[in-house]
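I opened the model to look up one helix, two threonines and the pockets. My notes follow in the order of the lookups.

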Amino acid sequence: MNKKTRFVTYLRVSTQRQGQSGLGLEAQRRAVQDYATTAGAEVLAEFVEVESGKKNDRPKLAEAMKRCRLTGSVLLIAKLDRLSRDAHFLIGLEKAGVEFVAADMPQANRLTVGIMALVAQQEREAISARTKAALAAAKARGVVLGGYRGGPVVDHAAGTQAASEARRKSARAFAEDVRPLVQELSAAGLSLRQVAARLEEQGIKTARGGGDWTAAGVSRVLHLISN
């Protein structure tokens with residue numbers, strides 16, 4: 001059965017004044033809504049950020065991408081420059097594995113980001129080469145660089161324990177992702193079974209990537225985030 005495309009929209013303005021006045025924000029919202037309507041898609045959530053494009057630490061964008069991963073949705077933005085003017089940041093987006101589309105340039109996708117990332121990678125390699133050359137020149141002049149760095153001692157007998165710990169960390173990370181939604185629904189007085197049903201309605205995936213939530217699954221999430 002074909003499923004309707006689902007979008008999570010991300011809107012960004014550069015100043016607090018623009019955020020309060022709606023300058024630029026409403027135009028972006030209209031653009032993404034028109035695109036979603038034309039595509040016959042469903043918009044699950046909207047995230048709004050007030051932050052300069054020169055800064056890469058944007059919590060709302062991180063939340064939007066997290067929601068995309070949880071629901072299998074596509075990140076929808078009004079303009080490509082709303083993501084970032086910094087190609088180095090775009091590498092992180094490409095590696096995040098989140099599909100996205102820009103309403104003003106639908107053909108721009110993760111492939112476009114990949115190309116931009118390659119350009120940034122070349123620049124980083126050039127910087128690295130210059131740094132190594134400078135260190136080699138310093139060493140030739142007799143400058144002592146760094147010190148002994150011993151490698152880690154590998155305990156193969158602890159492999160099983162490490163794997164179990166990795167699974168526990170993965171489960172806790174997933175619980176932290178869905179925590180806001182689960183707590184919000186629980187605070188509204190819904191039972192575990194009702195919370196599970198609501199999560200399914202909103203398209204939230206389970207820890208194993210499925211869509212079938214159970215009361216026991218919700219209980220496990222609540223238990224993990226309370227410890």
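Entry 1, helix H3. The model is a predicted one, and I began with which residues of H3 are buried. They are Leu 61, Ala 64, Met 65, Arg 67, Cys 68, Leu 70 and Thr 71. I kept in mind that an α-helix has 3.6 residues a turn, so residues three or four places apart point the same way. I then checked the length of H3, which covers residues 59-71. Its 13 residues should span 18 Å at 1.5 Å a residue, and the end C-alpha atoms are 18 Å apart, so the two agree. Just after H3 I found Gly 72, with a positive phi near 70°.

Entry 2, Thr 71. I picked this residue from H3. Its relative accessibility is 1%, so I logged Thr 71 as buried, the cut-off being under 20%. I asked which backbone atom lies 2.7 Å from a polar atom of the Thr 71 side chain. It is the backbone oxygen of Arg 67. Setting aside residues up to four places away in sequence, I listed what Thr 71 touches: Arg 6, Leu 44, Gln 202, Gly 203, Ile 204 and Lys 205.

Entry 3, second largest pocket. I noted a volume of about 250 Å³. Its lining has 15 residues, and those nearest the centre are Lys 3, Arg 6, Glu 200, Gly 203 and Lys 205. Arg 6, Gly 203 and Lys 205 had already come up as contacts of Thr 71. By class I recorded two nonpolar, seven polar and six charged residues in this lining.

Entry 4, Thr 206. I placed this residue in the loop between helix H7 (192-201) and helix H8 (215-225). Is Thr 206 buried or exposed? With a relative accessible area of 17%, against a cut-off of under 20%, Thr 206 counts as buried. Apart from neighbours within four places in sequence, I found Thr 206 in contact with Phe 174, Gly 211, Asp 212 and Trp 213.

Entry 5, largest pocket. I read off a volume of about 380 Å³. Of its 13 lining residues, Phe 174, Ala 207, Arg 208, Gly 217 and Arg 220 are the closest to the centre. Phe 174 is also one of the contacts of Thr 206. Which helix gives the largest share of this lining? H8 does, with four residues. Helix H6 (159-187) and H8 each supply at least two. I closed with the classes for the largest pocket: six nonpolar, four polar and three charged.

How values were computed: Residues are numbered from 1 along each chain as its sequence is written. This is a predicted model: local features need pLDDT of at least 70, side-chain atom pairs count only at pLDDT 80 or more; totals for chains, interfaces and linings use all residues. Side-chain values use heavy atoms; hydrogens and water are left out. Buried means under 20% relative accessible area, exposed over 50%, partly exposed in between (1.4 Å probe, protein chains only). Contact means heavy atoms within 4.5 Å. The expected span of a helix is 1.5 Å times one less than its number of residues. On a 1 Å grid over the protein atoms alone, a cavity is a set of points where a 1.4 Å probe fits but cannot get out, and a pocket is an open set with protein on both sides within 12 Å along at least five of seven lines; lining residues have an atom within 4 Å of a point. Grid points are joined across faces, edges and corners, and a volume is the space filled by probe spheres set on the points. Ala, Val, Leu, Ile, Met, Phe, Trp, Tyr, Cys and Pro count as nonpolar, Asp, Glu, Lys and Arg as charged, and the others, Gly among them, as polar. A polar contact is a pair of N or O atoms within 3.5 Å; within protein, one must be able to donate a hydrogen and the other to accept it, and residues adjacent in sequence count only if both atoms are side-chain atoms.
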